[in-house]
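Q: Got a minute to go through this one with me? I'd like to talk about a chain contact and then a sheet.

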Amino acid sequence: MAEYIVKENALKDFFKALTEGGKRRFLAPAEVSGKLQMIETDPEKVSLDFGNTHQSPKSAFFPQTEKLMAFHKDTAKSDPFVYKPLGLDETAPMVLFGLRPCDARGLVVCDRVFQNNRFTDPYWKSKYESAVKIGLACHDPRPACFCTAVGGSPFGEAGLDAIAFVRDGGLALKTLSAEGGEFLKGLSGLESAEIGAELAEKKQAAEAGMPGPLDQSKVAGAAVMEIYNQPHWKDTADRCLNCGTCTFVCPTCHCFDIQDEQNEKGGLRMRNWDTCMSWLYTVHGTGHNPRPTKTERMRQRFMHKLKYIPMKQDGACGCIGCGRCVTLCPVNIDIREVARQMNG
Amino acid sequence: MTSLPDLNQKIQSAAKRLLAEGKAEVVIGCRQGTTPMTVAPIFCRTEDDCNQLIWSNFAKINLATYLPKYPGKVAIIAKGCDARSAVGQVVEKQIERENLYIVGVACGGLVDVEQIQAREPRPIRAAEEDWATIKLSGDGWSSSLPKEDVLRRNCKTCVSRTPEGVADELIGEPTEALPADDYADLKALAGQSLEEKMAYFKGLVKNCLRCYACRNACPLCYCPVCFVDETRPQWLGKSQDEMDTFTFHLLRAFHCSGRCTSCGGCEAACPMDIKLREFNRLLDEEVQKDWNYLPGLSWDQTPPLTTYRPDDEADFIK
Amino acid sequence: MATKKVVGAALVAGGGVAGMQAALDLANAGYYVYLVEKSLAIGGRMSQLDKTFPTNDCSMCIISPKLVEVGRHINIELLTLTDILAIDGAEGDFRVRVRKNPRYIDMSKCIACGECTKKCPVKVDNEYNELLDKRKAIYVQYAQAVPLKYGIDAEKCLMLTKGKCGSCQKVCPAKAVDYGQKAEEAVLNVGSVVLAPGFKPYNPKDFETYRYADDPNVMTALEFERLLGATGPTMGHVVRSGDHKEPQSIAFLQCVGSRDINRADNGYCSSVCCMYAIKEAIIAKEHAKYDLQVTVFYMDIRSFGKDFERYYEKAKAKGIRFVRSRIHTVQPLKDGGVRFHYVTDHGQSTTEDFDLAVLSHGLVITGETQDMSRKFGLETDKYNFAKTSSFSPVALSRPGIYACGVFTGPKDIPSSVMEASAAAAAASSKLSSARGTLTRTVNVPAPMDINGEPPRIGVFICHCGINIASVIDVPKVVEFAKTLPFVEFASNTMFACSQDNQEQMVKLIKDMRLNRIVVSACSPRTHEPLFMETLAAAGLNKYLFEMANIRNHDSWVHAGNPEEATRKAMDMTEMAVAKAALLTPLTENVIDVDPTALVIGGGVAGLNAALTLSQQGFKSVVVEKAEKLGGIANRILSTSKDEDVGKYLDELQAKVEADPNISVALKAEVGQVEGFVGNFETTLTNGETVKHGVTIIATGALESKPAEYLYGQNPKVLTHLELDERMKARDEAVDAARTFVFVQCVGSREPERMYCSKVCCTHTVHSAVHIKKKNPDARIFVLYRDMRTYAQKEDLYKEARDLGVIFVRYDLDSKPKVSESGEALNVEVHDPVSGRNLLINPDFLVLAAAIVSGRESELAMKYKVPLDEDGWFFEAHQKLRPVDFATDGMFMAGICHYPKPMDEVVAQAQAAAARAVTVLTQPKMTVGGIVAEINQAKCSGCGVCVAVCPFSAVKIDEAKGKAAVNEAMCKGCGTCASSCRSDAPILRGFTNDGLFAQIAAAL
Amino acid sequence: MSEFEPKIVAFFCNWCTYGAADLAGVSRLDYPPNFRVVRLPCTGRLNPKYILEAFKRGADGVWISGCHPGDCHYIAGNYHARRKFMLLHHMLEAVGLEPGRLHFSWISSAEANKFQEIAREVVEKVRACGPNVNFRKAELDLGLPEVA
């Protein structure tokens, strides 16, 4: 575990160094079309003063549209169908700087979906395993932030190879994993330093105004059908528009739809983000839809976040408290309120 | 001008009265949201529910969005645009007139939270509002903004702030209609090069996530199956292809033509703050020019795409 | 008593629009029809017209579906090049001897490719284009002709006249030319005969002062029509035939050969010339890319039909000048053009030059028709028009022989069509016992079930002799087709439409279990039905068929670019295959038809409709809101032919009362309406519920109450009907009266009521003659704007003048002034001829009050039928469907459609009945095929489809809140499908996925 | 190829313009072979999506033609279609579609000459616009050379 500081005037060098001379793609918070996003950017354009990126960083590993393979017909061959997987080996590894601790925890939730003892998604794995993830702690959580309510912290460390925080005159950094330690060692701009006390102090200050743990004990203890049949769903569903904004901005929503697009030469198979809020998501070929109304669809999302993921991921909450859905929901459906209702 | 607390009081009593008299089984309105500058729609079925009703500058979506196929008798606390959309839904048979009760509230325009945040980047911990001013406060600071400065764009050209004529009752003093959209910017753009027009409109939607929140927040988009969700044939690809995205927006605007009441709900719902109404405005301008039609102003209107005149002028047809 | 033989067949003579309509209505009512046409093809005069007034509809576009329908009708036997020699026997059992003249073409072989015409060396004046250009000795009458088969002009063909040439036979790829054909005689056994011989345009060549014979800058209106025609000699470009210069000014001269007993013997008005002149003037101005000046010289503008007055006003607004003057002499100018000397309305003599003069020539009965009338023993009037009564307007003097169209008097297309339907009704009135005895039906095997089978497409690429193959590399297209998805079989064929290929196709479908067929050949518009029948014969649902038009749309138009043409043929075939793969079998369902009619209105129209239906064996219920039958006719004294209306009404009522098929509900109106064609259910206000298959609306109209000329204030001011009532009652004051003033157009032809009430001019002159005959000393003044005594009614106008009735014209801006002083009534009017004001003190002032609609908007709404802006019921098509509503099973008759005189009312009533019979006669109706359906899961019930459907075929099912299509009413236009935002309506045969597949394959 | 040859998708109503094209064939009136015809019962059937789909699939031009107002075989199909065209035409040109790419006409079944004239005009105008790049969907990148 190493601790460093980066002086303000060395920041650009440091960011450049993170690319390992261009071998890694560098992703950091930067402005695009008036919004701060975690995107591949010029080290010069990194922003350190932000609440959180507008969207979650999941698209770095799970792009909204991802090509899986190409296929075409070659009638000259005895087996005329030719397939070629795409995107597994062609991209350079990433280094991400400036992940908020909540989002890093979100990636951990996704990682356990895409890689687990039952199966491994190669598209996720190829990007996720090779990436170096450096967090940036929150000093000033926003009004809708509630990471502390769901087991996180503005200075949380889960899922990160290193965590940084902003201090007068630059950054401070602490490595968290062996890979992180290895990666940062000797990078230009870094100076070794003792930052433990400062970190603890800042952490305490940041957590001070944040909400306490959200009680989910009853949810954890209850049978699925018990929560499923609670009467409050109807009330929330009243105002839910099924617009899906929550799922698109959520760092742990990970559903996708696989589509083929073809022309006369051949076709591409790709996967695109999907949303359980959508009618199309569950409609069967017969026209039957097991989630026929918005109530079932809305309930599915909360059940998934607050009941199914904890069941499958050893009690870890599927919501990491970034507050994006709370802020962006056009009808102010607040997951904290729903969680309370679910807990009775 | 009636103060907001007074207005809220009146709305609450009206709602309670409607429930008590059986004129409505549910009253749809707004209540305070869970975070600053948010408002939540509320479906009031009890007196307690009614006591939460407010009128807020921060309301986002058009409450008429909830009306299509709503079972039973329903009342809606409606601004001008909500009321117009509700009328449109009656015209389009999405709700029966006798099951709908419109409590009209004179509106002074809504505010755009994005614009507020652009002017006040500090984390806003609380917001207070009255008819003309927004007061903001954070950790150890406070400031205030004239509402006029941060009005939603659609509210700046609202011709139907007061839902007169169609509301079953009206609360608050009527507010003057504003000068209608003159489409000056679009007219200017029409004179630009093709590249500039294309760049402008494609640029508008380049960050579109295809989440379709605009559609779901729209009181016009009540189709059981939207064309983007069609599979046979699949009208549009599902990927983030530029042309598929662009086509979605063109067609959605086309479907709203002659029906859109400029409520701005689509823009308010868009998580990427896309100026979606630019597409609708293109067609609004044309609908008004060709047929002098504004939707939602009376119960017996004929939407322009459900009728024709033998002498409709279309010089571009050879 | 021996039963008289009744033959369930009829003969219709004349293949013009009237003959076609009569044939269709007879055939669709269950009678076998011989349609005899003396030329190569049907279509008649209407096929020569460019546009039709007052809608400016394209004439060819609107008749060609009718041509095709006649041509393909299983119960219409088309006999072209055929003359009628004799009619023996009596009604119910006529034997008609005909001669079929040789065409010299084997119709079963000719593919109408036109190779023969290209090679034929003989040029002949082209009658279709009024001799303005040339055709060949082997030719088709016009491009869209039915039957679309060539024929040889025996008088001009070198082979037939001189025994040399034979080039057409050499080039014909189908071996269809047969110089050895001979005329054949035949005897046709029919129950009745309908004569629709039509007219010829008056030939003004003997009209020396008009110089038509020798000056190329004087032409007839029909020649001018061909000049305007897109298929005419100049393809619509207006140029003078002499020097091919575009005229800067054109003058139309009205009443050439009409209303003229000096230079022609035609005292009658030809009824259509004013309107066609206005039409040609408008179209000419539209065609000219410059400011063409058009002037119409006329005596009276007779725009008396529905929407005609507005058309006239529109023409004036477009700058067409109307000058009231009859041109006496046309003086040719040296540098081309003509000079007129004429006297203006105000008596001034003036001279004016024009680049072109167009003679609006009248309609005359041909010598052949005159011979026919004599030979067949038919009475005619002095102008050779067939004699009929106002109360049986299509029955001729010899029982069993009926007439329609111009043969009974000059008239326009809708009136001809109306009469044609009336003639069909009358001609079958005695044949109903034999209905269906001679008609044929098609028997097809039950289609095989292909449910669940993947598409197995068979593709046939046609050479069409050399028509396709000389340009397109057909084998290459075949090889390409074989590579397309789901194609099991592809091959080329010399003539896809030939009989042997049809048989081959049937065999292949069966042997290879093909379940979709694509033919790349000619136009589906002409050939799709043929192939669909072949599919049906093979036991395949006929809708599993798609065509690619690689001839008309490809080889014929890209002859210079064989490579691209081949590529296009491949693409077109691919498009057809792509769509075919997605086709599904379409079912046709049968629905029951309630064989009863509801007739709304118990006036002359309604009662005649009911009686006509009864003669055909159908029941009807007549609803009349008044206390007695007869309607407005109760107030009319006599018809223009001096027939007693009161007596007629008594007889009519007695007949109705005695008729077991007719029940009458008086003092009742329509309450609630449910259902659709075949299955209406109407509840009347008297509580009675009527189940009926069709509805005939005959609600009549009203005489307006004038708001001027002291009407209602002075007892001496009467309306027409009030005068009639007084005369009926033998009112002494009227008998004793010495001075009458009639004022025309009271409330008609004014901005707020821009139509002519049509009957008033005739009514006035008829009343005037009636009074004058009783009291020759009576002084009668008629104050008029344009006298509109159209057709043979012009004689009555002349008679009135001869009897001394004084006609004074007034303008809308100087209407007569009426005042009273003491007992005296003062009428002051400006006389434009003398330039002075006349002052008259009449004993009676009779106002020709406008006929106004009862504005039955509630009734209209109940049956979902439209009213026009004047409140008249609005027909499905102003020209060709004058008694039908667009909504199936709904018909109209009488003056609820538009004001009209007695004979036209009766004709329209019979016509409505005839049209109704075509529905009622089928115990079950086949519905379905290419119609829309609603995907219930996608429907939001918003009602867009309901609003846009032109046929009221879509309704919201209130219980489900979703739309539903009535297959019986849907015509398959697909407007619902493209208007729905959520694609809930599916137009079978033209589905979204099918069309998408075509778009994809096109690119 | 020396000159750009545009690909045009044409939508014709069965009763008028399709008939005019038939008649142009009968009359041997030649015109450029650049368009492919989709036959519709009526212009009223034309869903605006078809136009966008054709462009999206790479059509360089789209041509829609039906009966003259008043001539509709289905009474009012073309009137309803006209309203849609008015809006769609305005919108597409406002967002930057070249004015020469999308064409509408009324051609009756008797107007073979007008058909020929407009067919030529449409092809020339689309040709002048050049290939459609802005309204087509990007080609799928299949990476075919690598696979082969």
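A: Sure, here is a short walk through both topics, keeping in mind that this is a predicted model.

Q: How many residues of chain A are in contact with chain B?
A: On the chain A side there are 33, and they are in contact with 30 residues of chain B.

Q: Which elements of chain A supply at least two residues each to that side?
A: Four helices and two strands do: H8 (232-239), H9 (245-249), H10 (279-282) and H12 (324-328), plus S11 (256-262) and S12 (266-273), all of chain A.

Q: And how do the residues on that side of chain A divide?
A: You get 13 nonpolar, 12 polar and 8 charged.

Q: OK, on to chain C. What's the strand order in the open sheet of 5 strands?
A: Reading across, S32-S31-S30-S36-S47 of chain C, with parallel pairing.

Q: Which are the edge strands?
A: S32 (662-666) and S47 (890-892) of chain C, each pairing on one side only. From one strand to the next, the twist averages 20°.

Q: Over how many bridges do S30 and S31 of chain C pair?
A: S30 (596-600) and S31 (619-624) of chain C pair over 5 bridges, in the parallel sense. Within that pairing, Leu598(C) has Val621(C) as its bridge partner.

Q: What does helix H16 of chain C lie across?
A: H16 (604-615) lies across S30, S31, S32 and S36 (694-697) of chain C, and runs at about 170° to S31(C).

Q: And H23 of chain C, which strands does that one lie across?
A: H23 (902-920) lies across S30, S36 and S47 of chain C, running at about 170° to S36(C).

Definitions and conventions: Residues numbered from 1 in each chain as written. Chains lettered and ligands numbered in written order. Predicted model: local features only at pLDDT ≥ 70, side-chain atom pairs only at ≥ 80, totals over all residues. Contact = placed C-beta atoms within 7 Å. Nonpolar A, V, L, I, M, F, W, Y, C, P; charged D, E, K, R; others polar. Pairing = 2+ DSSP bridges. Axes fitted to C-alpha atoms, helices over the stretch in contact; angles between N-to-C directions.
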